[in-house]
Amino acid sequence: MGMRVVLGAGKAAVKRDGEGVRITLASGEHIMPDKVLFAAGRAGNTEGLGLEDVGVQVDERNRIVVDETFRTSAEWVYAAGDVIGPPALASVSMEQGRVAACYAFGIPFKETVDPIPPFGVYSVPETAMVGLTEEGAAAQGIDFEVGRGWFAGNARATISGATDGLVKLVFQREDRKLLGVHVLGDLATELVHQGQAVLNYGGTIDYFIHSTFNVPTASEAYKYAAYDGLQRLPAR
Ligand SMILES: Cc1cc2nc3c(=O)[nH]c(=O)nc-3n(C[C@H](O)[C@H](O)[C@H](O)COP(=O)(O)OP(=O)(O)OC[C@H]3O[C@@H](n4cnc5c(N)ncnc54)[C@H](O)[C@@H]3O)c2cc1C
């Protein structure tokens with residue numbers, strides 16, 4: 001597609017140059033782009049709300065500070081969502097709101113927000129993940145293995161003509177406990193939830209081996225990813 005991705009380029013200088021913009025990367029390389037998007041992070045739009053008048057503390061980015069019950073420094077004020085900071089996702093924000101409402105009104109339904117939320121990117125192809133990456137598992141010193149189930153070998157993907165992509169499972173070698181799930185391809189943001197359920201209940205990749213899946217479905221890629229993973233383990 002003619003795209004070049006420059007990651008970790010360090011600090012860049014941006015200057016007007018005639019009608020355009022000139023960017024100088026830390027390496028000394030110059031780029032003359034059509035457009036520049038500068039992403040400086042998010043800040044809470046809390047100025048002028050009078051939070052200080054009621055004792056609600058904000059941080060250096062004007063985000064509201066809360067405890068684990070989503071209560072602010074003012075006993076009777078709760079906050080949830082983007083205004084309290086990362087991960088700033090609609091999915092997580094709504095969960096935070098539900099938990100905050102439970103604490104605020106003494107409703108005994110829900111006390112915590114899921115600590116391992118899934119992430120989805122609605123690009124073409126879609127991509128989604130939950131749990132640990134290979135890099136994350138390695139950084140924690142976990143002895144892990146991976147298994148991949150490619151959509152190229154999946155009947156449903158062949159029928160719908162969407163054969164790009166895969167389901168990748170990251171699991172612990174010793175006991176096959178599922179650590180992370182990564183899906184790339186059609187409906188990745190939907191498919192990831194199956195892996196999320198197994199992961200959140202502390203399951204192993206054996207779940208995908210033992211369960212019968214509807215055929216033909218994209219979900220079958222989980223089964224083949226698990227088989228692939230098993231084949232990478234020493235025979236018992
Ligand atoms: C381009 C984009 C794409 C995204 N895609 C996804 C996605 O695919 N999946 C996902 O999970 N999340 C996504 N998000 C994040 C998601 O939109 C937010 O996490 C979510 O909307 C946060 O909900 P919220 O209620 O905390 O805040 P908001 O939805 O921002 O609601 C805050 C409301 O408060 C109002 N408000 C702000 N300041 C004041 C003020 N001073 N006085 C009165 N009212 C005020 C605003 O007008 C707004 O209506 C995306 C965000 C962006 C920007």
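**Exercise 1. The ligand's surroundings**

Task: Work out which residues surround the ligand and what kinds they are.

Solution. Start by listing the neighbours: the ligand is surrounded by Asn45, Leu49, Gly81, Asp82, Ala88, Leu89, Ala90, Ser91, Ser93 and Tyr122. Keep in mind that you're looking at a predicted model. Next, sort that shell by type: five of its residues are nonpolar, four are polar and one is charged. Asp counts as charged, and Asp82 is on the list of neighbours.

**Exercise 2. Polar atoms around the ligand**

Task: Find which N or O atoms of Asp82, Ala90 and Ser91 sit beside ligand oxygen atoms, and say how much of the ligand the protein buries.

Solution. Take the residues one at a time.

- Step 1: in Asp82, look at the side chain, where an N or O atom is 2.7 Å from an oxygen atom of the ligand.
- Step 2: in Ala90, look at the backbone instead, where an N or O atom lies 2.9 Å from a ligand oxygen.
- Step 3: in Ser91, go to the backbone again, and you'll find an N or O atom 3.2 Å from an oxygen atom of the ligand.
- Step 4: now for the area, which is 1,000 Å² for the ligand taken alone, with 35% of that buried by the protein.

**Exercise 3. Two partners for one Glu**

Task: Show which side chains form salt bridges with Glu134, and where the partners lie.

Solution. Some background helps: side chains of opposite charge can pair when their charged atoms come close. The whole structure holds 12 salt bridges, and here we follow two of them.

Begin with Arg148, whose side chain meets that of Glu134 in a salt bridge at 3.7 Å, N to O. Arg148 lies in strand β6 (residues 144-150) and Glu134 in helix α3 (residues 134-139), so this pair ties together parts that are 14 residues apart in sequence.

How accessible are these two? Arg148 is partly exposed, with a relative accessible area of 24%. Glu134 also counts as partly exposed, at 24% relative accessibility.

Then turn to Lys168, which forms a salt bridge with Glu134, the closest N and O atoms being 2.6 Å apart. This pair links distant parts of the chain, with Lys168 in strand β7 (residues 166-172) and Glu134 in helix α3, 34 residues apart. Lys168 has a relative accessible area of 16%, so it is buried.

**Exercise 4. A buried pair**

Task: Decide whether Asp206 and Arg176 are buried or exposed, and describe how they meet.

Solution. Locate Asp206 in helix α6 (residues 206-210). Its relative accessible area is 14%. The cut-off for buried is under 20%, so Asp206 is buried. Arg176 is buried too.

Now check the contact: Asp206 forms a salt bridge with Arg176, the closest N and O atoms being 2.6 Å apart. Because Asp206 lies in helix α6 and Arg176 in the loop between β7 and β8 (178-184), the pair ties together parts that are 30 residues apart in sequence. The two side chains also make a polar contact, at 2.6 Å.

If you'd like one more charged group to look up, try Glu95, Arg98 and Lys110, which are linked in a network of salt bridges.

**Exercise 5. Building a sheet**

Task: Put β1, β2 and β3 in order and say which strands stand at the edges.

Solution. Pair the strands step by step.

- Step 1: strand β1 (residues 13-17) and strand β2 (residues 20-24) run antiparallel and are joined by five bridges. You can check this at Ala13, which stands opposite Thr24 in β2.
- Step 2: two bridges join β2 to strand β3 (residues 30-31), again antiparallel. Here Thr24 stands opposite His30 in β3.
- Step 3: put the pairs together, and you get an open sheet of three strands in the order β1-β2-β3, with antiparallel pairing. β1 and β3 stand at the edges with a single partner strand each, so one side of each is left without a neighbour in the sheet.

Finally, look at the turns. The hairpin of β1 and β2 has two residues between the strands, and Gly18 there takes a positive phi near 65 degrees. The hairpin of β2 and β3 has five residues between the strands, and in this one Gly28 takes a positive phi near 95 degrees.

Technical notes:
Residues numbered from 1 in each chain as written. Predicted model: local features only at pLDDT ≥ 70, side-chain atom pairs only at ≥ 80, totals over all residues. Heavy atoms only, no water. Near = heavy atom within 4 Å. Polar contact = N/O pair within 3.5 Å; in protein donor to acceptor, adjacent residues only side chain to side chain. Areas by Shrake-Rupley, 256 points an atom, 1.4 Å probe, with all protein chains shown as cover. Helix = DSSP H or I, 4+ residues; strand = E, 2+ residues; numbered from the N terminus. Buried < 20%, exposed > 50% of the residue type's maximum accessible area, 1.4 Å probe, protein only. Salt bridge = Lys/Arg side-chain N within 4 Å of Asp/Glu carboxyl O. Pairing = 2+ DSSP bridges.
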